[in-house]
Amino acid sequence: MAQNWDCRMYEEKFPEIDTTVMIKIKSINSDTCAYVWLLEYNMEGMLSFRELSQRRIRSVASLVRVGRVEPVKVIDVDPRKGFVNLSKKRVSEEDRKACEDKYNKSKHVHSIMQYVAETENVDLEDLYIHVGWPLYKKYGHAFEAFKLIVNDPDSVLNPLTREVEEINVDGEKVSKVVPALTDKVKDTLVKIIRKRITSQVLKIRADIDMTCFEFDGVLHIKEAMRKAEAAGTDECPVKIRLIGAPKYVLYAQTVDKAKGIEIVSNAIVACTKEIERHKGKLVVRETPREVREQEDKLSTEEIRRWGRALLGCSPVLPKPISKKMEGMVH
């Protein structure tokens, strides 16, 4: 019997209003909206052009592109129609980071669950119902439970159960509580968790300075940032953040350190080519490397302090003298 190997990541069928979710843009209606796919909920949603930006929109194409993956805010849910309305302009930087971190963990869990379902020919949603979603409830996120399974699988998995119906000696149906997983499925799950989780998700970071003093220089920098992010992959997406002009940071999360460094390096190359095409300049301050969370926070805060100090110490420059005034002076 063919099993269902496709399923949402969370127990709730619909996201709650005012939560941030990860989407992939499927198609664009040239007049009003973009149709998107909610990656965590396996359903369609709509992103109105009115919800793209707080600022005046000069070009819709610069804000939405088919295939782009990004976080958005849920502003309305219609369970009857199975549709969700979304907003991009209401997502704060804090919301964005929290959503990306959660999604990366959920995607890691989902790939493991899919592997087990396909390998053992079991229904993916049934596996989530009896294993994945109970672990989300108990541990806050199933990824945290999976990390514990690496060293002590029994303490995490043995308490999980399911009810099955059996026919007793009198020919009556009776309910019986059994382990949530058969020994074979449990063995497959533990093996794949140990293989994938032992190599923890790593954060790769690179620091750059980027400037462009040509006309529309800000737009050229934004386009260069998009080129950098386009160099990422589904397994290792690249994000670029402004820390304080002209300083930017490129990030990627991956389980393969060498691959992550290679992808971020390619992103820098793509970004450099684009900004130099418009007579801009990119300088690599810190080459791609693995960073721990604490080191990442300290580096970012140090750059921000530098920026604040620079702003505080900047002298007030006189206005440039026009050629007419210059002639009068002489």
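Two strands count as a pair if DSSP finds at least two bridges between them. In this predicted model, strands β8 (residues 202–211) and β10 (residues 247–254) clear that bar, with 8 bridges joining them in an antiparallel run. To pick out one spot along the pair, D209 has K247 in β10 as its bridge partner.

This pair belongs to something wider. An open sheet of 4 strands takes the order β9-β10-β8-β11, and the pairing is antiparallel. Because β9 (238–244) and β11 (281–291) sit at the edges with a single partner strand each, one side of each has no neighbour in the sheet. Going from one strand to the next, the twist averages 20°. As for what happens along a strand, side chains in a regular strand alternate between the two faces of the sheet.

Two helices pack on this sheet. Helix α6 (residues 217–230) touches β8, β9 and β10, and its direction makes about 145° with that of β9. Helix α7 (residues 257–277) touches β8, β9, β10 and β11, and its direction makes about 170° with that of β11.

Another antiparallel pair turns up earlier in the chain, where 7 bridges join β6 (residues 161–167) to β7 (residues 173–179). Within it, V164 stands opposite K176 in β7. The hairpin these strands form has 5 residues between them, and G171 there takes a positive phi near 80°.

Now for the helices away from the sheet. Helix α3 (residues 142–149) has A142, F143, A145, F146 and I149 as its buried residues. Viewed down the axis of α3, they fall within an arc of 155°, so they line one face of the helix. The general rule behind such patterns is that an α-helix has 3.6 residues a turn, so residues three or four places apart point the same way. And what lies over the buried residues of α3? The cover includes α1 (93–120), α2 (124–139), α4 (153–157) and α5 (183–197).

F146 shows up again in the largest nonpolar core, which has 53 residues; it is listed with L38, L86, Y128 and V131 as having the most contacts inside that core. Leaving aside residues up to four places away in sequence, V131 touches L157, L160, A180, L181 and L189. Apart from this core lies another, of 22 residues, including M210, C212, I221 and I240. In soluble globular proteins, nonpolar side chains tend to be buried together.

Key: Residues are numbered from 1 along each chain as its sequence is written. This is a predicted model: local features need pLDDT of at least 70, side-chain atom pairs count only at pLDDT 80 or more; totals for chains, interfaces and linings use all residues. Side-chain values use heavy atoms; hydrogens and water are left out. Axes are lines fitted to C-alpha atoms, for helices over the stretch in contact, and angles run from 0 to 180 degrees between N-to-C directions. Contact means heavy atoms within 4.5 Å. Buried means under 20% relative accessible area, exposed over 50%, partly exposed in between (1.4 Å probe, protein chains only). The arc is that of the directions from the helix axis to the C-beta atoms. A nonpolar core is a set of buried Ala, Val, Leu, Ile, Met, Phe, Trp, Tyr and Cys residues joined through side-chain atoms within 4.5 Å.
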